[in-house]
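Biologist: Could you take me slowly through the place where the two domains of this protein meet, and explain what each side brings to the contact? I would like one connected account that I can follow with the model open beside me.

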Amino acid sequence: RQPEYLRKLDKEHYFHPTTPLKLHQENGPGLIIKEGKGIHVTDVYDDVYIDGVSSLWNVNIGYGRQEMAEAAKQQMMRLSYGSSFFNNSNDQVIQLSEKLAELTPGNLDVSFFTSGGSESNESAFKIVRHYWKLKGRPERTKIIALDLSYHGVTMGATSATGVREFDHMITSSAPGFLHAKPYLTDCEKGDKSQPDYESSIRGIVEKEGPETVAAVILEPIQGVGGINIPPEGYLKAVRELCDEYGIYMIADEVICGFGRTGEMFGVDNWEVVPDLMSVAKGITSGYMQLGAVLLKSELRDELAEMSDDVFFHGFTYSGHPTACAVGLKNLEIIENEKLVQNSKHMGDELLKGLAYLEEQHQVTAKSRTAGLLGAIELYADRDSGKAFDPSLHAAQQVVEECLSRNLLLRPLSFGGMNAVALAPPLIVNKGDIETMIDRLSGAIKAFENKVLK
Ligand code: PLP
């Protein structure tokens with residue numbers, strides 16, 4: 001099919017996820033890709049791009065791996081699908097559960113499988129609420145999340161999401177979700193003299209009553225909300241707060257998990273062990289749809305002890321053998337090629353590159369990385385912190401300039417921020433990072449030429 005004909009068909013028949021619908025209606029799709037190899041994707045016009053954000057920060061091992069295709073093919077020929085309902089199992093899901101237990105910190109030794117991040121968070125909420133109900137504490141339902149968090153799009157996950165822009169989809173959110181200001185470390189440690197105390201997780205727990213709070217959920221590093229890295233001591237303070245009140249701590253590792261931040265999991269950066277972890281994306285590097293909730297074995301065992309009833313929660317594709325076989329191969333590649341370590345080292349290179357951009361371009365500031373999860377911000381006046389007029393869509397403009405230089409990046413413009421996110425596949429080398437920085441520099445220069453007089 002000719003590219004223009006594909007564009008026409010897309011316009012006519014494809015309802016895109018998370019897309020400005022009017023723009024699509026008017027212009028059709030932006031990029032139509034057809035191939036991927038390593039860190040590159042090729043579009044239908046045969047233009048080759050560096051994918052500097054691993055698509056949706058998920059293609060950790062890069063594109064076009066023969067061994068991944070082979071793992072899927074072999075598994076499909078052996079057993080394409082098998083349900084795990086009604087106490088059945090399959091050999092692949094068992095092996096993946098074992099592998100995850102080996103990789104996770106602390107005693108997060110059991111896995112419940114889903115098809116993605118939203119389903120994982122949704123499942124985590126149901127598991128903790130179910131627990132408190134069985135425990136004879138049905139009023140313990142509240143879930144506290146952070147402002148600027150992103151947890152997905154199903155009803156619970158979207159209600160937990162703290163990026164306000166996602167609210168316009170729903171007239172009323174699911175009950176029991178509350179939002180705290182992120183990163184008030186001293187407040188979480190109990191310093192009531194802090195001005196924002198009431199907006200902290202601790203402040204909310206105390207106001208609502210700890211006996212009504214089921215869990216706290218947070219991303220170890222916020223992704224969609226701006227690549228926000230918590231200050232030292234924050235995650236530990238939240239862990240201690242949760243311990244103090246017997247509240248479950250859920251880490252949303254959907255972006256951070258599997259090497260993205262230079263450690264196997266985001267929480268490993270601070271040696272904090274949550275009670276539950278939601279994972280997806282990097283678990284298969286996007287080669288198949290898979291997610292999981294990883295939880296303390298005691299939690300599942302207690303659920304079993306407290307009730308003879310069926311645990312009435314599961315997805316048709318929970319424990320899909322082909323997705324699990326692909327997940328196992330992906331984890332083998334991450335380990336064999338030492339991609340977690342590479343993420344850390346290349347993350348340092350990326351940070352150097354972003355520091356160079358700050359020297360070169362007066363509109364840039366506040367660059368940061370954790371492994372290969374990074375961002376650089378744009379300001380009209382970086383010294384005073386004056387933001388660009390939102391109608392300028394500064395980050396969007398820079399990303400479009402990158403696109404015309406064959407580099408795919410992502411604008412993050414929530415909460416008044418104008419940031420450009422960088423999250424290349426974990427296989428990048430120093431030369432790739434230099435090329436990315438070079439192209440981004442050209443894009444920022446073009447933007448500066450337009451907006452600075
Ligand atoms: N949690 C986080 C931190 C995410 O970044 C995302 C997706 O970007 C999700 C949850 C939702 O995952 P999914 O899109 O697979 O449902």
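Modeller: In this predicted model, the C-alpha centres of domain 1 and domain 2 lie 27 Å apart. The domain assignment gives domain 1 as residues 31–61 together with 338–451, and domain 2 as residues 67–336. The contact takes 26 residues from domain 1 and 26 residues from domain 2.

On the side of domain 1 that touches domain 2, at least two residues each are supplied by helix H3 (54–57), helix H13 (339–360), strand S11 (364–370), strand S12 (373–378) and strand S15 (419–422). Of these elements, H13 provides the largest share, with five residues. If you sort this side of domain 1 by class, you find 16 nonpolar, eight polar and two charged residues.

Helix H13 deserves a closer look. Its 22 residues, at 1.5 Å a residue, should span 32 Å, and the end C-alpha atoms are 30 Å apart, which agrees with that expectation. Many positions can be followed along this helix, and among the buried residues of H13 are Leu339, Val340, Asn342, Ser343, Lys344, Met346 and Gly347, with Leu350, Gly353 and Leu354 buried as well. The cover over the buried residues of H13 includes helix H12, the strands S11, S12 and S15, and helix H15 (430–451).

From here we can turn to the nonpolar core. The largest nonpolar core has 125 residues, and the members that touch the most others are Val216, Val238, Val398, Leu409, Val420 and Ala421. Helix H12 (residues 321–336), which we have just met as part of the cover over H13, gives the most to this core, with eight residues. Domain 1 and domain 2 both contribute residues to this core, so the core lies between them. To see one of its members in detail, take Val216, which, leaving aside residues up to four places away in sequence, touches Ile144, Ile201, Val238, Cys242, Ile247, Met249 and Ile250.

Finally, the model also has a ligand, and 15 residues surround it, of which Gly116, Gly117, Ser118, Gly152 and Val254 come nearest. Helix H6 (residues 117–134) gives the most to this shell, with three residues, and the shell as a whole divides into six nonpolar, seven polar and two charged residues.

Notes. Residues numbered from 1 in each chain as written. Predicted model: local features only at pLDDT ≥ 70, side-chain atom pairs only at ≥ 80, totals over all residues. Core = buried A, V, L, I, M, F, W, Y, C linked by C-beta atoms within 7 Å. Buried ≥ 20, exposed ≤ 12 C-beta atoms within 10 Å, placed from the backbone. Helix = DSSP H or I, 4+ residues; strand = E, 2+ residues; numbered from the N terminus. Domains from an automatic or database assignment. Contact = placed C-beta atoms within 7 Å. Near = placed C-beta within 6 Å. Nonpolar A, V, L, I, M, F, W, Y, C, P; charged D, E, K, R; others polar. Expected span 1.5 Å × (residues − 1).
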